[in-house]
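User: I'm new to reading protein models. Could you walk me through one, feature by feature?

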Amino acid sequence: MGNHLNIIHIAELMGELRSYQQRIVVIKIGGNSIAEDDQFLSKIARQILFLKTNGVKVILVHGGGPQIDQALYDKNIQTKKSKDGRRITSPAAMRVVSKVLKSINMQIVKAFAEAGLPENKIIAAHKLQKLIVEAEPIDPANPKTNRSGIPVDIDRAFMNKALAKDQIVILHSIAIGKDKKTTYNTNGDDYAMAVARGVRAKRLILVTNVSGVYDKDKQRIPLIESTMARNLIEEGVISGGMIPKVESALRLTKQGVGGVVIIDGFPPWSILGELLTRHGRGTLFQSRH
């Protein structure tokens, strides 16, 4: 019986893996996860290397919230956040943000190299001569004093060329303005969603420290579509800061992205468990077909 079940599990894994071959997966990780677990990047790198080895095209996006907060504190630069939690970024703070995210980008590349990925198979933001995502100022009336932005477009030609070369793309959440000169600090989720939309990803995986969205009995909900989401919001099951995240995820599934997933990235192999098993490990947002 045990051997029979193992064969079923292997068949399931191989079937799911085939459905992702030559398709694009965008994975977003946050600075909190990197800061809280010194093995986190190693776990992420091994899983992405497995996906790449099996023909999946991967783009990794990262933030760096707590690292930026600490660096700003060390520099005695005070910043505020808007009601939706997005940072109000002064020009002085922008310089710190850029430096911190470049450092984290380099740290991630090192973790991938240690996992066995050759350097020529990595395209990393800190080495690029240009920024891949275009943004508009979050505060159009004060674009010079608030350098926070909202991603609006990506360089599709660059991204497609990189993925065609079988390279993993590792991006931080700094974007360029329409003037091609002004840099903007963007929310990591917003940035990852813009990338996923631009490349029409099969999946966008938002790696967090929670296992997804929970029902009123505190049980994980494996799949949510728009009608269910509206009901859960009306019932108060989905509330607070989770509401805009859920609304953005469902909107994205109507813009060419196959599905958006929220998962807990701390358990080993959580990304593969989500992608390669039918029941997954997180909450999948998907449009009703």
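Analyst: We'll go through a helix, the cores, the open and closed spaces, and a few single residues. Keep in mind that this is a predicted model.

User: Let's start with helices. Why might one side of a helix be buried?

Analyst: Here's the general idea: an α-helix has 3.6 residues a turn, so residues three or four places apart point the same way. Now take helix H4, residues 65–74, where Gln67, Ile68, Ala71 and Leu72 are buried. Looking down the axis of H4, you find its buried residues within an arc of 130 degrees, so they line one face of the helix.

User: Which exposed residues does the face of H4 turned away from its buried side carry?

Analyst: That face has Tyr73 and Asp74, both exposed.

User: And what covers the buried residues of H4?

Analyst: The cover includes helix H2 (31–36), strand E4 (87–88) and H5. While you're there, look just after H4: Asn76 has a positive phi of about 60 degrees.

User: Next, cores. How many residues does the largest nonpolar core have?

Analyst: Think of a core as buried nonpolar residues joined through their side chains. The largest one here has 45 residues, and Ile27, Ile29, Ile108, Phe112 and Ile271 are those with the most contacts inside it. H5 supplies the largest share of this core, eleven residues. There's also a second, separate core of 41 residues, with Val26, Leu163, Leu171 and Ile221 among them.

User: Can we zoom in on one of those? What is Ile108 in contact with, leaving aside its neighbours within four places in sequence?

Analyst: With those neighbours set aside, Ile108 is in contact with Ile29, Ile34, Leu41, Leu60, His62 and Ile170.

User: Now the empty spaces. How much space lies in the largest pocket?

Analyst: A pocket is open, while a cavity is a space that the probe cannot get out of. The largest pocket here holds about 1,000 Å³. It's lined by 39 residues, and the closest to its centre are Lys28, Asn187, Gly188, Asp189 and Lys245. Several elements give two or more residues to that lining, including H2, H4, helix H7 (188–199) and helix H9 (242–253). Sorted by class, the lining of the largest pocket has ten nonpolar, 19 polar and ten charged residues.

User: How many cavities of 30 Å³ or more does the structure hold?

Analyst: Two. The largest cavity has about 40 Å³ of space. Its lining has seven nonpolar, one polar and one charged residues, and Leu128, Leu131, His172 and Tyr191 are among them.

User: And what lines the second largest cavity?

Analyst: Lys52, Val56, Lys57, Val58, Asp166, Gln167 and Ile168 do. That lining divides into three nonpolar, one polar and three charged residues, around a space of about 30 Å³.

User: On to single residues. Is Arg203 buried or exposed?

Analyst: Use the cut-offs: buried means under 20% relative accessible area, and exposed means over 50%. Arg203 has 11% relative accessibility, so it counts as buried. You'll find Arg203 in strand E11. Beyond its neighbours within four places in sequence, Arg203 has contacts that include Tyr20, Val26, Gly258, Leu275 and Gln286.

User: What about a residue in between, like Ser98?

Analyst: Ser98 sits in helix H5, residues 91–115. Its relative accessibility is 26%, so Ser98 counts as partly exposed. You can also compare sequence with space: Ser98 and His126 are 28 residues apart in sequence, and their C-alpha atoms are 9.6 Å apart.

User: You mentioned a positive phi earlier. Where else can I look for one?

Analyst: Try two loops. Lys180 lies in the loop between strand E9 (174–176) and E10, and its phi is near 65 degrees, positive in a residue other than glycine. Arg200 lies in the loop between H7 and E11, with a positive phi of about 55 degrees.

User: Are Lys180 and Arg200 buried or exposed?

Analyst: Lys180 has 56% relative accessibility, so it counts as exposed. Arg200 is exposed too, with a relative accessible area of 56%.

Key. Residues numbered from 1 in each chain as written. Predicted model: local features only at pLDDT ≥ 70, side-chain atom pairs only at ≥ 80, totals over all residues. Heavy atoms only, no water. 1 Å grid on protein atoms, 1.4 Å probe; cavity = no way out; pocket = protein on both sides within 12 Å on 5 of 7 lines; lining within 4 Å. Points joined across faces, edges and corners; volume = space filled by probe spheres on them. Nonpolar A, V, L, I, M, F, W, Y, C, P; charged D, E, K, R; others polar. Helix = DSSP H or I, 4+ residues; strand = E, 2+ residues; numbered from the N terminus. Buried < 20%, exposed > 50% of the residue type's maximum accessible area, 1.4 Å probe, protein only. Core = buried A, V, L, I, M, F, W, Y, C linked by side-chain atoms within 4.5 Å. Contact = heavy atoms within 4.5 Å. Arc of directions from axis to C-beta.
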